[in-house]
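Here is a walk through one protein chain, with an eye on its cysteines and its internal spaces. Keep the viewer open while you read.

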Amino acid sequence: MVRSILQLLVFPLPLCLVSLVSGRSTSQCFTQPGDLRFPTATELASFNATIDGRLMNVIPSAKFCQSLGGCSDTQWSDGNFRNDIIGAMLQYNWEQDYTSTPPSLCLRNSTICGQGNVPTLGVNATTVEHIQAAVRFANFHNLKVAIKASGHDFLGRSTAKNSFLIWTRHLLNVTFHDSFTIGGVDQGSAVTAGSGVGLHTLYTLTKEQGKIYVGGTAASVVASGGYVQGAGHSALSPTFGLAADNALQFEIVIANGTLLTVNSVSNPDLFWALRGGGAGSWGVIVSTTFRTFPSFNAVHHSAVVVVNNTNQVAQLATLHAKHIFDWDALQPGQYFYWFATPPTFTLTIDTYFPNTTISAATETLIPFLNSITSLGFNATLSSELSLINDLLGASMSDGGGTEAILGSRLFPSSTYINNATEIGQVTKRLFDDGVVGVFCNLVAGGQVSKNAHIDSAVTPKWRTAKTHMIIVQGWNELATPRLVEAIREAMTNKNVPLLATLAGPDSGAYSNEADVREPNFQTTFFGPNYGRLGHIKKVYDPDAMFIVPAGVGSENFDVDTLCRVD
């Protein structure tokens, strides 16, 4: 089955299947299907011949499954399966256009399938030359460009209505360096990963070399994609800093089709922007070189607690906030996740302690675990000692095929010192308001704070943060567009403001896991760096080819990022 799916993806669909929509003025808009400037079938065929036949019609994931005669539940929800579908997003609400009149939806069990927010055409790029040709073709025809590696994107930036997709899924080269040199200076050991290499794969390959890199736990995230451009947090961040702190060099195709090598010596302004300046705004990344470290053993401690109501949620969330500094000496990363599991609520706590023993790790947790017991709750506990690559790379695939949106804030240490009880009460209120998850990520402090001297576009709010707090919300695929809009409005105007107030004035957020409708994204995502980012964008993307929602320059475009409004 996997082989047959790949065969369908490699060989382009007939170009005559591209559907046309009514055209509109292109004076301030990207060229769209139906516009006079949109490439003709002859021009598309000619272009396709120059890229080894890699041009494809792009269809939503539900339509792809229909072309197979249906997908099983296992296939539909498997992140790896979805990664191999050019038009699929991990969470497929981002494929839908709920707000057009009428809405354009392609749902799994529906007999009607619109194109939604899925690009109409795409290039399955397997070489730098494919990317360069695609960028130049889009530039010549004034096409809206979308860039996708895996589609693991909770802001929907990897897809766009009426756009031209550059898909880097199959850029899978990985090269290890004992000594990576920039400007004659040895940066130490490193790994260069193509912009299709997922985190799970990279953990496996670095393990073979006796190395580790800074990465997350989601298998389908691509290290050289939006992850590093947004900053990139990890359970290893308290020990080694953010992924952006450990990025040494990029290879990127910019808007004029030129391949640039970008580092602290070559194009240093773009190097600054690529580390924290937001995903999808700068060009098509071909590869990134990351610093590596000798691998080591680590302890993974897991605790699961089930409670009956939101008052108990508040109790436990407050308790955790009061104990969050207990284990700082060992610099662990921790994922403290609440899930609504009607009629109960489930708390999972996964803590990763580097370079220590099970007994030493457990000792730091005992006060917190004893406090859980003293409140009358039962915790199911487990611990394991293993190579850090195996622990962080344990997930071989991510769950997908559902509808999910996020909202978030970075919480400074002061919030935990002064407002522990309020953290519990806000968590309770969010569940009372119907959210499906509240995820606390202890992925800051330690080396993230110490790296404040690094000159990059990472928002300074990361340097004072203790945690990254996420609200998760979703809906049933049969929800009406009106209900979906109500849920999204509640996230923006009701749920996220609770976190913002708690985080303090001018609060910040991690731009890769946040609300795409963040009203003041310029400050919330980028802080004082936004002005400089705008100037750099004008240098490398003067005509704003690479525009994504809540990205640099997007305030000058409409909600679909298809037409200028400035």
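A residue is called buried when its relative accessible area is under 20%, exposed when it is over 50%, and partly exposed in between. Cys-563, at 7% relative accessibility, therefore falls in the buried group. Keep those cut-offs in mind, as they come back below.

**How far to trust the model**

What you have on screen is a predicted model. The average pLDDT of the chain is 94, and 95% of the residues score at least 70. The stretch to watch is residues 1-26, where pLDDT stays under 50. The model does have 52 contacts beyond four places in sequence for those residues.

**The disulfides**

How many disulfides does a search of the whole structure find? The search turns up 3. Here they are side by side.

| Disulfide | Sulfur atoms apart | Torsion about S-S | Handedness |
|---|---|---|---|
| Cys-29 and Cys-563 | 2.0 Å | about 110° | right-handed |
| Cys-65 and Cys-71 | 2.0 Å | -100° | left-handed |
| Cys-106 and Cys-113 | 1.8 Å | -90° | left-handed |

Let's take the Cys-29 and Cys-563 pair to begin with. Its S-S torsion is about 110°, so this disulfide is right-handed. The pair ties together distant parts of the chain: Cys-29 sits in the loop between α1 and α2, while Cys-563 is in the segment after α20 (530-540), 534 residues apart. Cys-29 has a relative accessible area of 11%, so this end of the bond counts as buried, and Cys-563 is buried at 7%.

Next comes the link between Cys-65 and Cys-71, which is left-handed with -100° about the S-S bond. Cys-65 is buried, with a relative accessible area of 4%. Its partner Cys-71 is buried as well, at 11%.

That leaves Cys-106 and Cys-113, whose sulfur atoms lie 1.8 Å apart. Is Cys-113 buried or partly exposed? Cys-113 has a relative accessible area of 26%, so it counts as partly exposed. Cys-106, on the other hand, is buried at 1% relative accessibility.

If you number the bonded cysteines in sequence order, the pairing reads 1-6, 2-3, 4-5.

**Around the loop between α1 and α2**

Pro-33 is also in the loop between α1 (2-10) and α2 (41-50), the loop that holds Cys-29. Pro-33 has 0% relative accessibility, so it counts as buried. Its C-alpha atom is 6.8 Å from that of Asn-162, although the two residues are 129 places apart along the chain.

**The largest cavity**

Now for the enclosed spaces. Searching the whole structure gives 5 cavities of 30 Å³ or more, and the largest of them holds about 70 Å³ of space.

Which elements each supply at least two residues of the lining of the largest cavity? They are the helices α11 (310-323) and α15 (420-432), plus the strands β15 (333-341) and β19 (437-442). The top contributor is α11, which gives 3 residues. Among the lining residues are Ala-317, His-320, Phe-336, Trp-338, Tyr-416, Ile-423, Thr-427 and Met-469. Sorted by class, the lining has 9 nonpolar and 2 polar residues, with no charged ones.

There is a cysteine here too: Cys-440 is part of the lining. Cys-440 has 3% relative accessibility, so it is buried.

**The second largest pocket**

The second largest pocket holds about 590 Å³ of space. It is lined by 26 residues, and the ones nearest its centre are Arg-488, Val-516, Pro-549, Val-559 and Asp-560. By class, its lining has 11 nonpolar, 8 polar and 7 charged residues. So how many charged residues line each space? The pocket has 7, whereas the largest cavity has none.

**A spot on helix α7**

One more place to click on is Thr-204, which lies in helix α7 (residues 199-208). Thr-204 has a relative accessible area of 36%, so it is partly exposed. The C-alpha atoms of Thr-204 and Asp-390 are separated by 7.7 Å, with their positions 186 residues apart along the chain.

Notes:
Residues are numbered from 1 along each chain as its sequence is written. This is a predicted model: local features need pLDDT of at least 70, side-chain atom pairs count only at pLDDT 80 or more; totals for chains, interfaces and linings use all residues. Side-chain values use heavy atoms; hydrogens and water are left out. On a 1 Å grid over the protein atoms alone, a cavity is a set of points where a 1.4 Å probe fits but cannot get out, and a pocket is an open set with protein on both sides within 12 Å along at least five of seven lines; lining residues have an atom within 4 Å of a point. Grid points are joined across faces, edges and corners, and a volume is the space filled by probe spheres set on the points. Helices (H or I, at least four residues) and strands (E, at least two) are DSSP runs, numbered from the N terminus. Ala, Val, Leu, Ile, Met, Phe, Trp, Tyr, Cys and Pro count as nonpolar, Asp, Glu, Lys and Arg as charged, and the others, Gly among them, as polar. Buried means under 20% relative accessible area, exposed over 50%, partly exposed in between (1.4 Å probe, protein chains only). A disulfide is a pair of cysteine sulfur atoms within 2.5 Å. pLDDT is the predictor's confidence in each residue, from 0 to 100. Contact means heavy atoms within 4.5 Å.
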